[in-house]
Structures are given as structure tokens and as C-alpha cells.
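Could you walk me through this model in my viewer, one selection at a time? I would like to know what to pick next and what I will find there.

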Amino acid sequence: MPSLNRKYLIIKHLVIVFLGFFILTSFTKNPTKGKKGESITITVKPISEVVFKEEFNFPFLQKDFIGFREALAFKESQGSYTVVNKLGYLGKYQFGKSTLKRFRIYNTSNFLKNPELQENTFTALCKVNKWILRRDIKRFVGKKINGIRITESGILAAAHLSGAGNVKKYLRSYGKFTFNDAFGTSIQHYLRKFKGYDVSNIIANKHAKV
């Protein structure tokens, strides 16, 4: 589980990246040696090409479970443990109160002050969702639905967004069933955005606890 030091390190990386917007460039020169008065073409690449890998929400993250959870957290809350959105979803992973009750968490004020508890709750929820969707993971991973390659991490991310039951409906209808959250984010968007992470270390567990 990440410590507060890791959180600060990630924030430090972000600061470096944004500062890099002003200092990081990639140049190409005319291969012919310039004569006096000859112009030289300089191409400046966008910062996204220099620093970020495709589909990463965070720079420098690997495509493993840690990378998965940090990318998802950045999408949900920009990685803030203390944020509460206007719909009442809480913390780094924007948990609903009903989900917290599932894990016997009732004191939301303490929850927001406890990063370790938030990380443990996210891992436990992934285990439960993986158990609920175990047959669908086996059946659909590797297939394409609406042009999206289905992966285990994409399924778990979509379950975090919409609930495992809605992901089942989407997959079993081959994309005919649709779901958008209150902000308009769809199951398809999460399936695409968070595909391809290695989440094999998450063991399906119906009775996972925090």
C-alpha cells in the first residue's frame, strides 16, 4: 500500500512534468551543414509526446496493479484522499457510502483522514468485483466489443465506475446495454482507458475484508 511519502513523490513528479512543459523540447535539424544565411528548421514536439506514454494518466507508472490504481485514482479524484464531490463520493477512489457500508466503514470523516484504509478498501473492492465478474473475465477477455479490446483491468475499472452488475449487462449484451454515471462517463470509456494493466495479483474473493 502506498505511504504518504509515495503520494508526495507522485506529486513531485507531476510538478516536474508541468515544469518540463517550459523546458523539455525535442529538436530536429537540417542534416546539411548550414552555410551562412541558411535557415535551420527546428521542430518542437508536444510535451505529451516527450513525457507521457499513451493512455497513462500518470507519468512514470508501470502497467501493473500499482499503475492501475494510481491511474484510476487520478481520473477519479486527481489522487486526493480528502476530496468529496458534489454527489457525496469520497476520497481518492470516490467511494459511495453504500460501498463503504459493505466493508463496515461508517465513519466517513475518519475514512477521509486514513489513506491506508482507503487503499485497503480499494483492493478489497477489486477482489470482490473480480469474484462477481470471474465468469465474464474468463469469457470476454481478449475479445472486442464496439471496437474495444476487453481486458481484465478494463473490466475492474468499469466495475468501479458502474458496479459489477452493470458491467455484466454490458458484456453479455455485447455492448448493447449502456451505462453512464452522473457526469456522463461510460462503461466503454473505462474499458478503453484502463485496458492492459496486469492485475493478476488481485485474487477473486467474495468475502474480501478491509
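Start by selecting α9 (164–172) and showing its surroundings in this predicted model: the cover over its buried residues includes α6, α7, β1 (144–145), α8 and α10. Now pick out A164, N166, V167, Y170 and L171, which are the buried residues in α9. Look down the helix axis: these buried residues fall within an arc of 160°, so they line one face of α9. Following α9 you reach Y174, where phi is positive, near 55°.

Next, keep L171 selected and add F68, F122, I155, L191 and F194; these six have the most contacts inside the largest nonpolar core, a set of 42 residues. Elements giving two or more residues to this core are α3, α5 (108–112), α6, α7 (134–140), α8, α9 and α10 (187–193). Colour α8 separately if you like, as the largest share, 6 residues, comes from α8.

Stay with F122 for a moment. Leaving aside residues up to four places away in sequence, F122 touches F65, F68, R69, L72, Y93, F95 and H160.

H160 is a handy bridge to the last stop, since H160 is also among the residues nearest the centre of the largest pocket, along with Y89, Q94, L161 and S162. This pocket has a volume of about 590 Å³ and is lined by 28 residues. Colour the lining by type and you should find 14 nonpolar, 10 polar and 4 charged residues. To see which helices contribute, show α3 (65–77), α4 (97–102), α6 (115–132) and α8 (152–162): each supplies at least two residues of the lining.

Definitions and conventions: Residues are numbered from 1 along each chain as its sequence is written. This is a predicted model: local features need pLDDT of at least 70, side-chain atom pairs count only at pLDDT 80 or more; totals for chains, interfaces and linings use all residues. Side-chain values use heavy atoms; hydrogens and water are left out. On a 1 Å grid over the protein atoms alone, a cavity is a set of points where a 1.4 Å probe fits but cannot get out, and a pocket is an open set with protein on both sides within 12 Å along at least five of seven lines; lining residues have an atom within 4 Å of a point. Grid points are joined across faces, edges and corners, and a volume is the space filled by probe spheres set on the points. Helices (H or I, at least four residues) and strands (E, at least two) are DSSP runs, numbered from the N terminus. Ala, Val, Leu, Ile, Met, Phe, Trp, Tyr, Cys and Pro count as nonpolar, Asp, Glu, Lys and Arg as charged, and the others, Gly among them, as polar. A nonpolar core is a set of buried Ala, Val, Leu, Ile, Met, Phe, Trp, Tyr and Cys residues joined through side-chain atoms within 4.5 Å. Buried means under 20% relative accessible area, exposed over 50%, partly exposed in between (1.4 Å probe, protein chains only). Contact means heavy atoms within 4.5 Å. The arc is that of the directions from the helix axis to the C-beta atoms.
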